[in-house]
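Thanks, everyone, for making time this morning. I would like to walk you through the pockets of one structure, taking them in turn and saying what lines each.

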Amino acid sequence: MIDKEKIRQGVALLLEGIGEDIGREGLQGTPDRIARMYEEIFAGLDQNPQEALSKTFEAKQCGIVLEKDILFYSVCEHHLLPFFGKAHLAYIPDGRVVGLSKLARTVEVYARRPQIQEQLSTQIADALMECLKPKGVMVMLEAEHMCMTMRGVKKSGAQTVTLATRGVFADNRCFQEEFWQMMRR
Ligand code: ZN
């Protein structure tokens with residue numbers, strides 16, 4: 001569980017650390033605002049995707065199911081700055097499918113934690129494999145990282161793309177090809 005008092009103390013220290021006057025009007029409510037905001041943007045720490053993915057439906061002989069352009073917002077665990085973009089999730093059911101909104105929900109559970117994009121892709125792929133037991137899963141994330149664009153190398157608009165493949169998507173390039181074709185449509 002999130003400890004809001006610790007966050008408030010931490011933010012006050014951080015502001016003092018950068019030389020700010022934490023008593024000035026604009027900053028008075030900031031530690032508390034951030035504590036409440038963190039409760040929301042890190043809510044995924046207390047959630048588990050099995051809940052979203054537990055209700056499945058029978059489906060016979062399905063091809064690839066692709067849910068694309070799922071918007072997500074996450075926080076880079078190295079800099080605590082946002083990274084955000086789109087997730088594209090594909091799976092090939094083996095007799096069971098899940099409600100489409102649950103795919104987006106799975107992305108959200110893992111995105112609302114301190115993260116790195118590589119790990120976010122693999123956690124989503126592994127959760128889908130574990131809960132749906134499909135023939136295969138492919139997860140592609142494309143995101144812009146504020147720690148790249150507002151500091152350091154300042155590459156505005158640079159996109160980081162990560163892929164995670166499982167099952168037949170990892171074993172057979174034909175399925176990956178079909179994924180790319182469906183993405184272009
Ligand atoms: Zn970063």
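What follows is a description of two pockets and their linings. Please keep in mind throughout that this is a predicted model.

Let me begin with the largest pocket, which holds about 220 Å³ of space. Its lining is made up of 14 residues, and of these the closest to the pocket centre are Phe-72, Tyr-73, Ser-74, Glu-108 and Arg-112. If we ask which elements give two or more residues to this lining, they are α2, covering 30–41, β2, covering 65–76, and α4, covering 100–111. Among the contributors, β2 has the largest share of the lining, with 6 residues. Sorted by class, the lining of this largest pocket has 10 nonpolar residues, 1 polar residue and 3 charged residues.

I turn now to the second largest pocket, where the space comes to about 150 Å³. Here I can give you the lining in full, since it consists of Val-11, Leu-14, Leu-15, Ile-34, Tyr-38 and Leu-80. Two elements, α1, covering 4–17, and α2, each give two or more residues to this lining, and α1 gives the most, with 3 residues. As for class, the 6 lining residues of the second largest pocket are nonpolar, with no polar and no charged residues.

To bring the two together, α2 gives two or more residues to the lining of the largest pocket, and α2 likewise gives two or more to that of the second largest. Charged residues, on the other hand, number 3 in the lining of the largest pocket, whereas the lining of the second largest has none.

Technical notes:
Residues are numbered from 1 along each chain as its sequence is written. This is a predicted model: local features need pLDDT of at least 70, side-chain atom pairs count only at pLDDT 80 or more; totals for chains, interfaces and linings use all residues. Side-chain values use heavy atoms; hydrogens and water are left out. On a 1 Å grid over the protein atoms alone, a cavity is a set of points where a 1.4 Å probe fits but cannot get out, and a pocket is an open set with protein on both sides within 12 Å along at least five of seven lines; lining residues have an atom within 4 Å of a point. Grid points are joined across faces, edges and corners, and a volume is the space filled by probe spheres set on the points. Helices (H or I, at least four residues) and strands (E, at least two) are DSSP runs, numbered from the N terminus. Ala, Val, Leu, Ile, Met, Phe, Trp, Tyr, Cys and Pro count as nonpolar, Asp, Glu, Lys and Arg as charged, and the others, Gly among them, as polar.
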